[in-house]
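Reader: I should like a close look at a single part of this protein chain. Please set it in the context of the whole and state the cut-offs that apply.

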Amino acid sequence: MTREVNSEVEQHISQPEGYQEQSYPTSAENEKIRHDAFQHKECQRIYHKLISHAGGMEVVRKGRRLIAKKIATTCFLNSTEPDYEEFKQGVLIANENIKIKRDESY
């Protein structure tokens, strides 16, 4: 009896007609989408503007360049502009932290 009731309930709870679950890209597909997006001229413009606003390639270290790449790609895919000043502040803070660690090790 319980099984019959459970199967009846499950039938009523089932998804509405025409409903389809949204499928999300796999990690590899997402990586390819982001890689292809970064190749676009507009995405490159955002990336270079982030770097130059923060002080150029000499100031922005490797880790922050990767973050700039992710920010530029995300903004390109979402058709938005990044917060250049926030990125610049992050670079300055990261550089200051590196200087402090360097001074402590000497």
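Author: The account below begins with the whole chain and then turns to one asparagine and two cysteines. This is a predicted model, in which local features need pLDDT of at least 70 and side-chain atom pairs count only at pLDDT 80 or more, whereas totals for chains, interfaces and linings use all residues. Residues are numbered from 1 along each chain as its sequence is written, and side-chain values use heavy atoms, with hydrogens and water left out.

The protein chain has five helices and zero strands (DSSP runs of H or I with at least four residues, and of E with at least two, numbered from the N terminus). Of its 106 residues, 20% are buried (under 20% relative accessible area, with a 1.4 Å probe and protein chains only). Contacts are heavy atoms within 4.5 Å; among those between residues at least 6 apart in sequence, 66% join residues at least 24 apart.

Asparagine 95 belongs to helix H5, residues 84–105. Asparagine 95 counts as buried because its relative accessibility is 13%. Beyond its neighbours within four places in sequence, asparagine 95 is in contact with Val59 and Arg61. A polar atom of the asparagine 95 side chain lies 3.0 Å from the backbone oxygen of valine 59.

The cysteines complete the picture. The structure holds zero disulfides (pairs of cysteine sulfur atoms within 2.5 Å). For cysteine 43, the nearest cysteine sulfur is that of cysteine 75, 8.7 Å away. Cysteine 75 is likewise in no disulfide. Cysteine 43 is buried, at a relative accessible area of 0%, and cysteine 75 counts as buried at 8% relative accessibility.

Key:
Buried < 20%, exposed > 50% of the residue type's maximum accessible area, 1.4 Å probe, protein only. Polar contact = N/O pair within 3.5 Å; in protein donor to acceptor, adjacent residues only side chain to side chain.
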